[in-house]
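Colleague: Please take a close look at the pockets of this model, and then at the charged pairs that go with them. A connected account would be preferred to a list.

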Amino acid sequence: MTIMSRIASDMQLMLRRPPRQQYAALCFRKRKKQSAPEVLLVTSRDTGRWVIPKGWPMRGKKSHAVAEREAYEEAGVKGTVSREPIGYYSYHKGMTDGLKINCRVQVHALEVKDMLKDFPEKGTRRQAWVSCEEAAARVQEPELKVLFHIFAQRFINGENRAEAKESAEN
């Protein structure tokens with residue numbers, strides 16, 4: 001490596017910004033007579049990609065409360081949210097000015113108890129209840145794909161049901 005390419009590489013590392021934090025809800029419901037859950041996907045408003053409800057931090061709200069709020073605003077669902085995250089994934093968010101920023105998304109499980117007919121972003125997104133396997137096939141982010149597979153396995157093993165019960169008690 002030449003000295004100039006090494007300096008250029010070092011400069012890129014120095015100028016790289018840390019990822020911006022977002023919070024998301026992996027909305028799920030139990031399927032009758034099946035051990036695996038169904039998960040809710042929504043489309044993004046700008047590109048129409050399949051995603052999970054997520055958003056930026058909100059002043060005075062804890063991460064799980066932000067995830068719960070985003071699930072209501074984007075998908076019209078209410079339920080029991082886990083206080084502890086079930087995982088994380090990263091993606092590059094395209095901004096309106098063309099800039100792409102690196103985002104790290106902290107994901108909280110939300111067991112859906114109610115689906116509302118009216119909610120803030122109704123009509124701006126499509127929704128789909130699918131298996132974790134189908135969700136992993138539809139989303140683009142590799143780490144989110146893995147998270148769906150892990151979530152399904154943990155759910156089958158009974159781990160997520162215990163977490164949901166714990167968060168309801170707190």
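Modeller: By residue class, the lining of the second largest pocket comprises 4 nonpolar, 2 polar and 3 charged residues. The model is a predicted one, and the volume of this pocket is computed as about 160 Å³. Its lining is formed by Arg17, Pro18, Pro19, Arg20, His92, Leu99, Lys100, Ile101 and Asn102. Strand E7, residues 100-115, provides the largest share of that lining, namely 3 residues.

The largest pocket encloses about 590 Å³ of space. It is lined by 25 residues, of which Ser44, Asp46, Lys54, Tyr91 and Lys93 are the closest to its centre. The classes here are 5 nonpolar, 9 polar and 11 charged residues. Strand E4 (54-55), helix H2 (63-75) and strand E6 (87-94) each contribute at least two residues to the lining of the largest pocket. Among the contributors, E6 gives the most, with 5 residues.

Turning to charged pairs, side chains of opposite charge can pair when their charged atoms come close. In this model the count of salt bridges is 9. One of them joins the side chains of Arg45 and Glu121, at 3.9 Å from N to O. Arg45 lies in the loop between strand E2 (37-43) and strand E3 (50-51), and Glu121 in the loop between E7 and strand E8 (127-131), so this salt bridge ties together parts that are 76 residues apart in sequence. The two partners differ in burial: Arg45 counts as exposed because its relative accessibility is 56%, over the 50% cut-off, whereas Glu121 counts as buried because its value of 12% is under 20%.

A further salt bridge is formed by Glu74 and Arg125, whose closest N and O atoms are 3.7 Å apart. This pair also links distant parts of the chain, with Glu74 in helix H2 and Arg125 in the loop between E7 and E8, 51 residues apart. Both Glu74 and Arg125 are buried. Through salt bridges that share partners, Arg45, Glu74, Glu121 and Arg125 are joined into one network.

Finally, the side chains of Glu141 and Arg49 meet in a salt bridge at 2.7 Å from N to O. Glu141 is located in the loop between helix H3 (132-138) and helix H4 (142-156), and Arg49 in the loop between E2 and E3, the pair linking distant parts of the chain 92 residues apart. Glu141 has a relative accessibility of 6% and therefore counts as buried.

Technical notes: Residues numbered from 1 in each chain as written. Predicted model: local features only at pLDDT ≥ 70, side-chain atom pairs only at ≥ 80, totals over all residues. Heavy atoms only, no water. 1 Å grid on protein atoms, 1.4 Å probe; cavity = no way out; pocket = protein on both sides within 12 Å on 5 of 7 lines; lining within 4 Å. Points joined across faces, edges and corners; volume = space filled by probe spheres on them. Helix = DSSP H or I, 4+ residues; strand = E, 2+ residues; numbered from the N terminus. Nonpolar A, V, L, I, M, F, W, Y, C, P; charged D, E, K, R; others polar. Salt bridge = Lys/Arg side-chain N within 4 Å of Asp/Glu carboxyl O. Buried < 20%, exposed > 50% of the residue type's maximum accessible area, 1.4 Å probe, protein only.
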